[in-house]
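Below are some points for a colleague who has the coordinates open and wishes to check local features by eye. They are grouped by topic.

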Amino acid sequence: MLIPCPLCGARDSREFTPKGHASYLDRPAEDAPPQAWNDYLHLRENPAGDTRELWFHGAGCGAWLVVERNTVSHAVTGARLAREVRDAG
Amino acid sequence: MRVDGRGLIDRSQPVTFKFDGRSVTGYKGDTVASALLGKGVRLMARSFKYHRPRGVLTAGSEEPNALLEVGQGAAMTPNTRATVQEIYSGLTVQSQNRIGPLDRDLLSINDALWPFLSAGFYYKTFMWPRAFWEKLYEPVIRRAAGLGRITRDASPERHEKAFAFCDVLVIGGGPAGLMAALTAAKGGADVILAEETPELGGRLLSDGQEIDGTPAAYWVEDIVKELQATGRVRVMTRTTVTGAYDDGSYGALERVARHVAPADDLPPECFWRIRARQAVLAAGAHERPIAFPMNDRPGIMLAGAVRTYLNRYGVSPGRNVTIFATNDDAHRTAVELMDAGVKVAAVIDSRTGVTAKGDYRLIEGGQVIGTKGRQGLRQITYRAGSRTDTLITDCLAMSGGWNPAVHLTCHLGARPVWDADAKMFLPAPGAVPGLTPAGSCNGAMSTAACLSEGLEAGKAALAALGRPAPQGVSLPEAEDDPGRTQALWYVEGKGRAWLDFANDVTTKDVKLAAAEGYASVEHMKRYTTQGMAPDQGKSSNINALALLADSTGRGIPETGTTTYRPPFIPVTMGAMGAFAEGHGFAPERRTTSDAAARGRGAPMIEAGLWFRPSYFPAPGETTWREACDREVAMVRNAVGVVDVSTLGKIDIQGPDAGAFLDFVYTNMFSTLKVGRARYGLMLREDGHVMDDGTTARLGDHHYVMTTTTAAAGQVMAHLEFVAQGLRPDLDVRIISATEQWAQFSVAGPLSRELLNGVLDQPIDDESFPFMACGAVKVHGVTGRLFRISFSGEHAYEIAVPARYGDALYRDLVARAEALGGGAYGMEALNVLRIEKGFITHSEIHGRVTAHDIGMQRMLSQKKDFVGKAAAARPGLLEPGRERLVGLRPVEAEGRLTAGARLFKEGDPHKRVLDQGYVTSVGYSPTLGHMIGLGFLRHGPECEGQEIVMVDHLRKVKTRVQVVNPVFFDPDGGRARG
Amino acid sequence: MRYSGWQVLAQGIMGNRGWRPAWRDPAPKDAYDIVIIGGGGHGLATAFYLAQEHGLTNIAVLEKGYLGGGNIGRNTTIVRANYGLPGNSEFYSHSLKLWEGMEQALNYNVMHSQRGIINLFHSDGQRDAYARRGNAMINQGDDAILLDREGCRKLLPYLDYEQTRFPIYGGLYHPRGGTARHDAVAWGYARAADQRGVDLIQNCEVTGIDIEGGVVKGVQTSRGAIRAKKVAIVVAGRSSQVAAMAGMRLPIESHVLQAFVTEGLKPCIDHVVTYGMGHFYISQSDKGGLVFGGDLDFYPSYAARGNLPMAEHVVEAGMTLMPMIGKARMLRSWGGIMDMSPDGSPIIDKTHVEGLYLNCGWCYGGFKAVPGSGHTFAHLIATDRPHEAAARYRLDRFATGRGLMDEEGTGSQHNLH
């Protein structure tokens with residue numbers, strides 16, 4: 001699998017570590033109700049198809065990426081820096 | 001028998017090898033199979049279940065029958081295809097899966113028992129009495145099953161593994177592959193051309209054809225020269241592409257030196273990981289056998305294989321050959337044999353209205369319905385119309401048509417598509433992104449069509465790469481008749497008709513599976529084991545599913561195929577796992593003091609990828625305990641030195657560094673004064689403890705975090721995630737500096753005295769109080785000093801750039817020894833920390849909360865931090881949770897063991913009454929008895945109680961008292977003092 | 001028809017023409033008391049125990065493909081009860097006892113082979129963690145033996161004790177652990193359930209779950225609507241999709257786990273062996289292939305296939321641990337879709353919909369769980385009360401934090417278990 005790191009270019013997935021769905025970026029507020037935290041930590045859409053997920057370029061530039069990927073075909077269609085995804089809101 | 005004037009073998013170079021102890025001489029270029037056939041040896045193997053005599057069926061890697069053990073002793077490799085193994089002088093091969101000599105295998109008794117060994121018979125018996133399965137049935141079955149042997153030693157062979165990259169990977173060097181490679185290379189692409197056999201040309205070398213009016217083999221020679229002239233083609237012969245993976249990733253196995261005598265400077269095999277921007281699959285096709293009664297005797301083989309033996313190896317597998325054909329292609333076998341002077345008894349064609357292509361006897365509308373010959377074919381019986389007759393023959397060349405080798409197109413999950421006209425499964429369009437099938441693997445069954453598809457595939461690859469089609473590549477002229485094929489999957493008749501030769505699956509088995517309701521193709525496969533042998537059903541799966549389709553009244557497309565999985569051919573594990581033997585499995589990380597510690601005789605133990613000294617034996621000490629006790633006392637009474645460089649050291653800088661640390665730690669760090677360090681507790685977002693360590697503030701915007709050795713990588717990734725993903729609003733940058741700094745702990749009452757000997761500016765309590773930190777000069781070198789303690793003693797950690805680590809360590813230890821102290825190791829470090837109740841990952845094992853380890857007060861109420869919300873879940877706060885306690889034996893000599901369980905006195909030792917467990921233990925020379933840390937329901941609430949520690953495994957039962965985990969110096973005066 | 005050695009002999013003499021279908025191929029009825037969605041190992045076992053233990057037979061098992069087509073036919077066939085935490089401990093203990101009587105209960109030889117499992121350890125800390133687990137196993141009533149290095153050498157003489165990167169300190173030996181023939185388990189349960197009157201309906205995909213007023217009423221399928229008083233979801237690999245039909249969002253992420261088999265070899269590995277410093281476990285099938293596996297590929301996937309990096313890692317771990325396998329050849333690799341839960345342990349529970357039951361989240365431990373899961377799930381469906389051996393497999397434990405069963409201690413990230 002090739003991950004198109006915005007900083008390094010397309011790199012072998014061996015350089016990366018996947019974490020899980022990009023919803024990990026949507027951390028609830030400290031005082032959000034418990035259900036919001038349960039959703040955030042545990043519940044998943046878990047799509048069979050296109051998804052957005054977090055990969056860490058640990059053996060590369062150290063960037064966390066939001067990768068667009070299909071869970072059925074494994075086709076990777078894009079990647080952005082998690083930092084920029086957050087900044088874009 | 002050898003045939004003059006044919007073959008690519010070098011008759012000037014005879015080669016002698018051993019088969020089952022007998023010397024056999026063939027020629028350079030021969031495989032074991034061709035050399036044996038050249039000598040008239042047809043019996044090469046025994047079948048898996050019935051132990052029937054078998055010869056070769058094929059001439060390629062898809063061979064189901066002729067599997068051999070190659071080599072001797074620890075290097076012996078089983079299950080090697082006689083059709084692939086090239087011969088060399090000194091080669092030793094032997095037949096396998098037999099008891100006694102090959103021609104008198106005792107297990108051939110199974111063949112007489114065949115009526116009782118039908119598909120799935122073992123699911124229906126061997127159930128009584130129950131205990132007999134492990135004691136009797138299974139051992140007998142295991143011994144009878146299996147194929148070749150491996151010895152339990154490591155092989156002396158050393159394979160390799162490598163990466164390769166190209167614009168276009170061409171898989172297969174036959175007519176389609178050659179044209180594709182030439183086109184791509186001339187178009188400016190970098191090409192890897194992988195060919196399974198030793199020679200490029202594919203079936204052009206097996207079939208006597210002409211291209212552009214010259215013999216095809218000459219045309220191949222010209223093309224190979226042209227390929228070389230481009231300078232862009234890397235030809236990899238003896239290389240099989242084994243799997244297609246995501247994004248143009250392919251696995252390939254190269255048999256680098258399997259064809260020559262073992263040599264030290266050559267790996268036998270190499271496993272390649274190839275990344276190709278585009279690929280062309282030109283893998284060819286596998287010929288189909290026909291499942292007629294008793295079709296498995298040595299001498300019965302595929303018609304195409306007979307041509308390969310004739311034209312590639314100069315061998316005729318028989319002196320009097322019969323051809324059983326369902327198609328035009330197989331008639332070539334007769335023509336070419338006759339051209340070579342081999343007698344052809346007849347061509348039996350299942351079709352009618354066929355014209356002979358030569359002067360041979362043609363039996364139209366015929367089917368072979370029986371054979372004779374115990375260890376090799378002697379006679380066949382055929383039926384043509386209402387007539388039944390026999391023929392004396394020693395070789396039957398059969399052809400049921402061809403199956404395109406679609407395998408790689410299915411590796412990403414696509415299913416092949418049934419072509420009802422051509423009677424074959426073809427690659428699904430777009431099955432593997434970037435992979436274009438061409439030639440007979442794509443259903444092109446004439447040479448002209450293969451050449452044309454190869455050219456087009458090369459162009460398509462170039463187009464995908466954004467390159468124009470090249471000038472000067474023209475399509476050569478070749479035979480353009482794909483021939484006609486009749487579908488004939490099996491022939492009804494008396495006796496068993498084999499589908500899967502390798503697993504001894506017959507038509508009866510498939511019919512039985514269908515009758516018993518195992519009607520899905522996957523059920524049939526799994527119930528009968530059809531296609532599960534080393535050849536993965538390459539020559540048999542399609543016949544079997546066609547029979548299943550007929551037996552269940554469904555069509556072939558509705559029945560479908562089983563799943564084609566990688567690898568395409570079996571891959572030597574030693575190649576796929578090359579370099580991992582012994583220490584190669586993982587990198588070794590060594591601290592700067594490694595050589596000094598080893599020099600002092602310290603046994604080194606693994607700490608993750610690092611090595612750390614276990615203890616430093618002194619003269620006269622005979623056990624590790626003596627050394628450990630001495631080292632602990634040394635630290636408590638004088639001074640000790642230990643390398644702590646393996647702990648993660650993370651440099652954190654930026655205006656928001658303090659706010660960042662406030663967010664990743666449960667406690668406050670923005671309030672920490674410059675020049676001070678603080679213990680920090682870090683949670684996962686799920687509220688459980690991730691790690692702990694001290695973090696020092698070196699400047700307004702500069703902190704250095706230490707992590708545990710075990711969690712250094714995890715914490716680093718976590719910090720980056722928080723910084724980039726959760727708090728991009730914070731201006732902070734993070735980098736690991738673990739390898740850049742050598743860091744040593746200097747601990748004990750004399751630690752300052754020692755340090756002042758190496759520091760350019762001496763320190764005192766005022767300039768460097770407990771938890772102080774700062775830059776220092778060490779023998780003129782800028783370093784860092786932290787007054788922190790993991791032993792409870794007055795202690796420091798001193799850090800210098802790694803290049804000075806070795807020198808400083810040796811200096812520190814020498815000075816310590818002069819003060820009555822010295823180096824200490826992990827054993828003593830562990831006892832020292834248990835005495836103080838300090839935790840490690842033995843305690844924070846991933847299931848504990850701050851509350852469980854008594855650190856609930858470190859959860860700041862003033863701010864949000866990672867893990868705060870989840871840590872407030874009711875289940876994580878219950879007082880009845882297992883919480884950290886200290887444990888001491890009630891009797892001074894009582895033994896504690898880590899991993900033991902805790903029970904209330906008098907309770908039966910049942911899970912439901914379990915109260916907790918012991919995590920860390922050690923003998924405290926300071927206190928004179930063993931001490932332990934553990935987790936106990938209600939934890940600190942039980943302090944003072946006597947309970948029972950039970951270790952069934954080590955047969956230890958000890959009465960223990962629950963105490964505060966801080967065994968020594970509870971008010972911490974020694975560290976501060 | 002009863003299976004036995006005599007039957008095999010008698011049928012053999014008569015040309016094997018008398019064998020009857022192992023199960024019927026019925027058309028779905030309009031209504032059942034219970035519809036089980038999913039004809040894998042767990043679903044078939046659930047149906048069997050509903051019939052066997054609770055006398056409920058008006059049941060349909062709906063399978064979108066073929067019986068046993070999911071993970072029951074794609075695993076590395078390991079059967080064990082060597083867990084350390086409450087919840088898992090009693091459940092797998094219960095399940096192993098059911099394994100031990102399975103052939104007789106089903107009249108089908110699943111080749112359950114109690115050849116023993118050895119979990120190797122490579123440091124003092126790992127030894128202590130295994131000791132904690134082993135002691136918990138004994139407290140539960142199961143068996144465990146702590147082997148030192150010499151003890152391992154006796155059982156596993158082919159391991160590399162001298163050169164390997166991470167020295168072998170010893171192993172936790174679980175003699176009752178072992179393997180079984182995975183497909184046979186599915187077929188055995190299917191046949192036994194069918195014999196008791198359960199309708200096994202293949203090629204029948206559920207496309208919707210009918211719920212009225214918070215009560216389940218039946219399912220929509222590719223073969224028409226089927227009414228049911230109770231509906232059970234037991235579809236590992238597709239749990240999120242099927243549960244979504246009932247408006248549920250599950251704590252599940254789907255991941256691919258690869259497994260591998262070599263060409264057949266004469267007996268060389270007599271136990272199940274697991275490596276403690278890399279992801280590798282191995283046993284030898286009765287047919288002779290070395291069956292082995294490792295960890296997830298780590299990225300979510302529904303593709304039932306993996307990539308080379310993990311495959312190579314697994315083989316490398318094998319090479320450092322038992323270099324003899326370098327002479328064997330990997331014949332086939334495949335992948336299964338794992339329901340990864342946030343604590344690595346499964347869920348057997350009721351749902352917010354009355355009459356709708358959920359069984360999921362087996363991560364990669366589902367094979368050995370088949371009888372226990374079927375048995376306790378059947379109990380829950382039949383009685384509306386959890387079976388005591390599965391009472392901790394609650395769906396709400398993640399929200400409350402009560403009774404989490406994170407054996408690996410890796411936390412709530414799904415792919416780390």
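1. Since this is a predicted model, the points below describe computed geometry. On the surface, F132(B), L136(B) and V140(B) together make up a nonpolar patch, whose combined accessible area is about 240 Å². Of these residues, L136(B) belongs to helix α3 of chain B, which spans residues 132–144, and L136(B) counts as partly exposed because its relative accessibility is 38%, between the limits of 20% and 50%.

2. Which peptide bonds deserve inspection for a cis geometry? The one from W128(B) to P129(B) is cis, with omega near -15°, and P129(B) sits in the loop of chain B that runs between α2 (109–112) and α3. The bond from P566(B) to P567(B) is likewise cis, with omega near 0°, and P567(B) is located in the loop between α12 (556–559) and β31 (571–572) of chain B. These assignments merit a look, given that most peptide bonds are trans.

3. Backbone phi angles raise a related point, since most residues other than glycine have a negative phi. R238(B), which is not a glycine, nevertheless has a positive phi of about 50°, and R238(B) occupies the loop between β12 (233–236) and β13 (239–245) of chain B. Is R238(B) buried or exposed? It is buried, because its relative accessible area of 16% falls under the 20% limit.

4. D247(B) is also not a glycine and has a positive phi, in this case of about 55°; D247(B) is placed in the loop between β13 and β14 (249–254) of chain B. With a relative accessibility of 30%, D247(B) is therefore classed as partly exposed.

5. For a contact between positions separated in sequence, one may look at T230(B) and K186(B), which are 44 residues apart along the chain and have their C-alpha atoms 6.5 Å apart in space. T230(B) is part of helix α5 of chain B, residues 216–230, and because its relative accessibility is 22%, T230(B) counts as partly exposed.

6. How many cavities of 30 Å³ or more does a search of the whole structure find? The search returns 12 of them, and the largest cavity has a volume of about 140 Å³. It is lined by 15 residues, of which Q536(B), T563(B), Y564(B), R565(B) and R332(C) are the closest to its centre. Sorted by class, the lining of the largest cavity comprises 4 nonpolar, 7 polar and 4 charged residues.

Definitions and conventions: Residues numbered from 1 in each chain as written. Chains lettered and ligands numbered in written order. Predicted model: local features only at pLDDT ≥ 70, side-chain atom pairs only at ≥ 80, totals over all residues. Heavy atoms only, no water. 1 Å grid on protein atoms, 1.4 Å probe; cavity = no way out; pocket = protein on both sides within 12 Å on 5 of 7 lines; lining within 4 Å. Points joined across faces, edges and corners; volume = space filled by probe spheres on them. Nonpolar A, V, L, I, M, F, W, Y, C, P; charged D, E, K, R; others polar. Patch = residues over 30% accessible without salt bridge, like charges linked within 9 Å, V, L, I, M, F, W, Y side chains within 5 Å. Areas by Shrake-Rupley, 256 points an atom, 1.4 Å probe, with all protein chains shown as cover. Salt bridge = Lys/Arg side-chain N within 4 Å of Asp/Glu carboxyl O. Helix = DSSP H or I, 4+ residues; strand = E, 2+ residues; numbered from the N terminus. Buried < 20%, exposed > 50% of the residue type's maximum accessible area, 1.4 Å probe, protein only.
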